[in-house]
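Please read this short report alongside the sequence and the structure. It takes up strand pairing, a pocket, cysteines and salt bridges in turn.

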Amino acid sequence: MKFTNGNWLLKEGVTGSFPAQVYRYNFQEGILRVLAPTHPISHRGMTLFGAVLNVEFSSPLKDVIRVRITHHRGKEGRGPVFEMADEKPEVGFSESEESLTFASGGLTATIARQGEWGISFTGPAGEMTRTGVRNMGYMETGEGPFMKEELHLSVDEKVYGLGERFTPYIKNGQTVDIWNEDGGTSSEQSYKNIPFYMTSRGYGVMVNHPERVSFEVGSEKVAKVQFSVPGEELEYLIIGGEGLKGVLVNYTALTGRPALPPAWSFGLWLTTSFTTDYDEQTVTGFVDGMREREIPLHTFHFDCFWMRAYNWCDFAWDRDVFPDPAGMIGRLKEKGLHICLWINPYISQESPLFDEGKAGGYLLKRENGDVWQWDLWQPGMGIVDFTNPGACRWYEGKLKALMDMGVDTFKTDFGERIPTDVVYFDGSDPQKMHNYYTYLYNSSVFSLLERELGKGKALVFARSATVGGQKFPVHWGGDCSSNYESMAESLRGGLSLCLSGFGFWSHDIGGFESTSTPDVYKRWAAFGLLSTHSRLHGSHSYRVPWAYDEESVDVVRFFSRLKCSLMSYLFAGAVTTSETGIPLMRPMVLEFPDDPVCHFLDRQYLLGEALMVAPVFSESGEVSYYLPRGRWTNFLTNDEVEGGRYVTETHGYLSLPLMMRPGKVVPVGGGRDVPDYDYRKDVCFHVHDCHTPLECRTTVYNQEGGLSCEARFSSDGETLTVSLEGSGGEFSLILRNMASLTCGEGKVEKHPLGVRVSFDSNVKEAVLKLGRP
């Protein structure tokens, strides 16, 4: 929201009150409270008029400073509030004639006592950002009062995050309103709005308000990030850490870490699509068609029309189409599939559950007590009130009956178009609940799944989110079109979300709206099967590969098998994500913050810490991508490429730049047809650039997230030492592009990629004398 008319004037009808000085302060029980008049006080008579702002500094976590600015505090606050940790860490306070300082870990806020009002936030490397004269303020407008803050942007400082946004990846120059909407992937609207951003200077900012937060990111004032909220109070947190990854570690320690998804969920998902015609024969034909073509398939999803038209949701199978749903599910599970069903939090007036919900008080109400209804999406639909514990039990009970039938998970669709002219059971503020609703919705479904299946066995497939929603993976990108532009905007949105605290992300392979060309489908399949989660899904046409062409069958088979074989590597990365909050799908800037080129890259990413993926976005197969310094090796073609530059290549459909990172080792599992297998058994560690000195460790986990083994690699360029700790078993190494070597502990043999060395289960350490490349 903009308040100014250029650099000097406020907009007509807008007045502002800004802190002018520190008048008095106190530090008590870890909180620094500052009284800041909005005009200079030169004698006590000047205290008799004008507004004051109370500015409070505290710390919920080491390396995090919370700032709360209050004008009038007499208004009764209503929830909801974001769930956040508060560890009450040790903080430091000091005072001098010039300033006050408040410190948490390596992060310090310095408040000026002399001269103009200002706060500087510094970390170990110096100042990160600051706020000064007329930046922080109480603004009165024709739309009511607002609180705002402006934080400084330095030269060349770039802003990332703010949720899953499909607009330009770097947010500088954009106006962003944190307000969940159902707008597809080709607009400025977002399904997942997160009031948190990070910058290339290595800090993050979270605005702790679930209601609408308006950001002006280098837009209204080109060297400021302004954020504002309606009302009399504003709270934000400055989040430090060791680089951008450290910021995400701290942010997710505050707001919650992603749960570890079950191993089976990383395999290929296939759906009925949305408005297509389908019955059990159709579904069985798809499943058998994948098997006949030897395409690994692991989850089948039934979209909306598993229920009768106009009845969404009644959680009852359409018996005209699926006369024996329990039997059908059993038959599908015998084929090794997991089952997902589409749901949403809306109850059509035609659903038998509408009257149940009305009678029980389980639906949102208008102020006069009537059920809130409208006709958009479903006729006369109501919305489940998840602030009512009884409504949660009622809703979860309907899903539990489906789980008893054999359903493994739910696609928790929608949750964005939540009205504000409603009354909640617990008295929550409807403005705050608009964004927060999705948290309660997905939490309810995820909690049911976790209670019934156990930790590490639950996941949803969610579209909407707010702060904390990362605790309930997985999230997908929403309704995209079937073209390269939408494929690219989907990736931008995913990278933006992964810089907003979310660890796992998916998208509709081939695009959702319309039907792609075979060319786009094949390129998107490679991209989708090198994302954390992979789903074939469309709107009015099927997404089985043979609906496009026979080569599409080959492409989906190849990349599905590839992903299964990489599960020893990918699942270890997933465990890291669940433990640290660092996403499995990583923007380049996250891993290479000191390489200025990586600040801009939004068409490539790292999948885990060791593999870089650059999807192809052209019919010609030409792709340009950037590699930081070092020697990289294409995992698929074995080509070595020297980094520190852009590379342009042309790839067929069974290839793309999938580059092994210098100094990293990739463990490859023994399975290629399923994602859930013993990742330790027959694991093969792929080592490349063997004549460059190397110090590296890599881990392999079991499906429960427990450590199976840790492998350490040390090389001086002539000798490679490998040591293994953990559970025993045979293992092997492939040394890429190596012509010869000697090893007394293992069996050495030629391999198409270089040299393979196989070890018995009793070998815990081996020394390899490297030959010529």
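In this predicted model, strand β43 (residues 707-715) and strand β44 (residues 719-726) run antiparallel and are joined by seven bridges, one of the pairings being that of S715 with L720 in β44. The two strands form a hairpin with three residues between them, and in the turn G717 has a positive phi of about 100°. Strand β44 is also joined to strand β49 (residues 765-770), again in an antiparallel arrangement, through five bridges; here S723 has E765 of β49 as its bridge partner.

The largest pocket holds about 1000 Å³ of space. Its lining is made up of 36 residues, and those nearest the centre of the pocket are H209, E211, P230, E233 and K432. Among the elements that give two or more residues to this lining are β7 (64-70), β14 (144-152) and α6 (430-453), while β20 gives the most, with three residues. By character, the lining divides into 12 nonpolar, nine polar and 15 charged residues.

Turning to the cysteines, the count of disulfides comes to zero. For C340, the nearest cysteine sulfur is that of C304, 11 Å away, and C340 is itself buried, with a relative accessible area of 1%. For C498, the nearest cysteine sulfur belongs to C480 and is 16 Å away; C498 is likewise buried, its relative accessible area being 1%. Because a disulfide requires two cysteine sulfur atoms within 2.5 Å, neither C340, at 11 Å, nor C498, at 16 Å, is in one.

The structure holds 45 salt bridges, and three of these pairs are listed below with the distance between their N and O atoms.

| Salt bridge | N to O distance |
|---|---|
| R33 and E56 | 3.5 Å |
| K411 and D303 | 3.0 Å |
| E704 and K457 | 3.5 Å |

R33 lies in strand β5 (residues 31-37) and E56 in strand β6 (residues 52-58), 23 residues apart; R33 is partly exposed, at 32% relative accessibility, whereas E56 is buried, at 19%. K411 belongs to strand β27 (residues 409-412) and D303 to the loop between β23 (299-302) and α3 (325-334), so this pair ties together parts that are 108 residues apart in sequence, and both K411 and D303 are buried. E704, in the loop between β42 (694-701) and β43, and K457, in the loop between α6 and β28 (475-476), are 247 residues apart; E704 is exposed, at 58% relative accessibility, and K457 is partly exposed, at 35%. Salt bridges also link D182, D413, E416, R417, R463 and D479 in a network.

Terms used. Residues numbered from 1 in each chain as written. Predicted model: local features only at pLDDT ≥ 70, side-chain atom pairs only at ≥ 80, totals over all residues. Heavy atoms only, no water. Pairing = 2+ DSSP bridges. Helix = DSSP H or I, 4+ residues; strand = E, 2+ residues; numbered from the N terminus. 1 Å grid on protein atoms, 1.4 Å probe; cavity = no way out; pocket = protein on both sides within 12 Å on 5 of 7 lines; lining within 4 Å. Points joined across faces, edges and corners; volume = space filled by probe spheres on them. Nonpolar A, V, L, I, M, F, W, Y, C, P; charged D, E, K, R; others polar. Buried < 20%, exposed > 50% of the residue type's maximum accessible area, 1.4 Å probe, protein only. Salt bridge = Lys/Arg side-chain N within 4 Å of Asp/Glu carboxyl O.
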